[in-house]
Amino acid sequence: MSATPILEMRHISRRFGQFYALKDVSLTVYPGEVHALMGENGAGKSTLMKILAGAYTASGGDILIDGQPHPIRGPKDALAAGITLIYQEINLAPNLTVAENIFLGSEIQRGGLVRRGLMAQEAQKVIDRLGAQFRATDLVMRLSIAEQQQVEIARALHRNSRILVMDEPTAALSSRETEHLFGLIKRLRGEGMAIIYISHRMAEIYELSDRVSVLRDGEYVGSLTRDNLNAAELVRMMVGRPLSDLFNQEGHSRQPGAVRLAVEGLTDGGKVQPCSLTVRAGEIVGLAGLVGAGRSELAGLIFGVQRARGGQIRIDGQTVTVRSPREAIAHGIGFLTENRKEQGLFLELAAQENIVMATLERDAHYGLLDRGKGRTIARDAIQALNIRVPHAQVRAGGLSGGNQQKLLVSRWVAIGPRILLLDEPTRGVDVGAKSEIYRMMNQMAQQGVAILMISSELPEVVGMSDRVYVMREGTLVGELARGQISQESIMALATGAPPSPDTSL
């Protein structure tokens, strides 16, 4: 690693109206290093990198390349400085070939005609350098996500980029594809490229990074070298408190009340075999199991997403009919789906509209929306869950993953639920957002809400649950009381190992 920085970002600030996304942030990056950038969602990582790539302009501060001031007022300035940002969402033209994407905006022409054959030859040289298996003439739409990512890297190499920024590059990759990407990153580092790597996955940070810098609330907190990496210290830097506080353990002093939700023999006739469970008022009950066990499908039956073929649901002792989500909401049931972007959020609508979506019918007067009440609900929700937005009218699709998830949580808080079904409530969010969601769950349970939480993260199940049901192959196969809950006991039931007599249903 060179002793001379290739990049210095000094005292960078970025303001949206009166809201500061970044305050006085400095970052130094050297050639031949992987510099990880960490922080909870909304901490300012992506904003800082968008300033570097020219997508945003800084409100204050300076950028130096090789020790010389290099103002970046737009993407062309960033490209001229040898900077390429690979976004989490692939940014390619799917109907064009690999070569056409690599040369997009800098096509080889002669006599006004594009030289596609020559472009394909030149692009193939870069592809071969990466060790990729596709051809320059292949259509991008026919490539896997991992291969499309390689096309983006090939485009950066073609542009002679010296600084490569990767934003959550493994989010959609398999373990094998991730290993291949890591090998490529290490090779590029060995060739002297500076790589800024944004991730909240600790294992990746440990494997790749030479240094880690942490942002919190739009401000620079500090950096750790590879020799000093420590998971507990990184978490403390990111959220401002120790790892042991993450699950808000004081919630386990709750005293659950009477049975609020009782499910008896509920089945869809296929994926979900007849299942029975209870959740008391003021109780958080975990629903664990391997992927494909039928947990999400069971929650969908309770919420009316799918029609039940048998069984019944009782709320506070009364049998209810739930044939649709609308009827579920009318009975005071909220459902946080595991797929927030496709099944939960309205990405093109404002944060406020997403928050009040489930209360529109309740709060309308003679068919007219009560916009004043909607603004109040949104304002209170944004404050309660610390949703980091400049204002309630900001587009939901432009928010970080953690803030999007908190928008969905706040939507169901707004209906004043009696029962809350949470399917993977903290998937894809950082530790700071997780802690805030856990705090809200504990707060709602203390107010008497019955919470059924589906989670694939065993520490989350163990840390948050008062009781745990375990599901396997569409059937509930065990129930664990608070003193029995452990990762080992859950996995024994989930995988079919013989359960102890007091945990079987």
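In this predicted model, Glu-8 sits across from Thr-28, a residue of strand 2. The two strands involved, strand 1 (residues 7-16) and strand 2 (residues 19-29), run antiparallel to each other and are joined by 7 bridges. Together they make a hairpin, with 2 residues separating strand 1 from strand 2. One feature of the turn is worth a look on screen: Gly-17 adopts a positive phi of about 65 degrees.

Turning to the open sheet, 6 strands are arranged in the order 6-9-10-3-11-12, with mixed pairing. Strand 6 (83-86) and strand 12 (219-225) are the edge strands, each having a pairing partner on one side only. From one strand to the next, the twist averages 20 degrees. At the strand 6 edge, the neighbour is strand 9 (residues 163-167), and these two strands pair in the parallel sense through 4 bridges. Within this pairing, Thr-84 has Leu-164 of strand 9 as its bridge partner.

Strand 9 also contains Asp-167, and the surroundings of this acidic residue merit a closer view. Which side chain of opposite charge is nearest to Asp-167? That side chain is Lys-45, at 6.9 Å. A salt bridge is counted only within 4 Å, so Asp-167, although buried, has none. Asp-167 does have a polar partner, however: its side chain makes a polar contact of 3.2 Å with the side chain of Ser-46. Leaving aside residues up to four places away in sequence, Asp-167 touches Ser-46, Ile-86, Tyr-87, Gln-88 and Ile-198.

Note on methods
Residues are numbered from 1 along each chain as its sequence is written. This is a predicted model: local features need pLDDT of at least 70, side-chain atom pairs count only at pLDDT 80 or more; totals for chains, interfaces and linings use all residues. Side-chain values use heavy atoms; hydrogens and water are left out. Two strands pair if DSSP finds at least two bridges between them. Axes are lines fitted to C-alpha atoms, for helices over the stretch in contact, and angles run from 0 to 180 degrees between N-to-C directions. Buried means under 20% relative accessible area, exposed over 50%, partly exposed in between (1.4 Å probe, protein chains only). Lys and Arg count as positive and Asp and Glu as negative; His and the chain ends are not counted. A polar contact is a pair of N or O atoms within 3.5 Å; within protein, one must be able to donate a hydrogen and the other to accept it, and residues adjacent in sequence count only if both atoms are side-chain atoms. Contact means heavy atoms within 4.5 Å.
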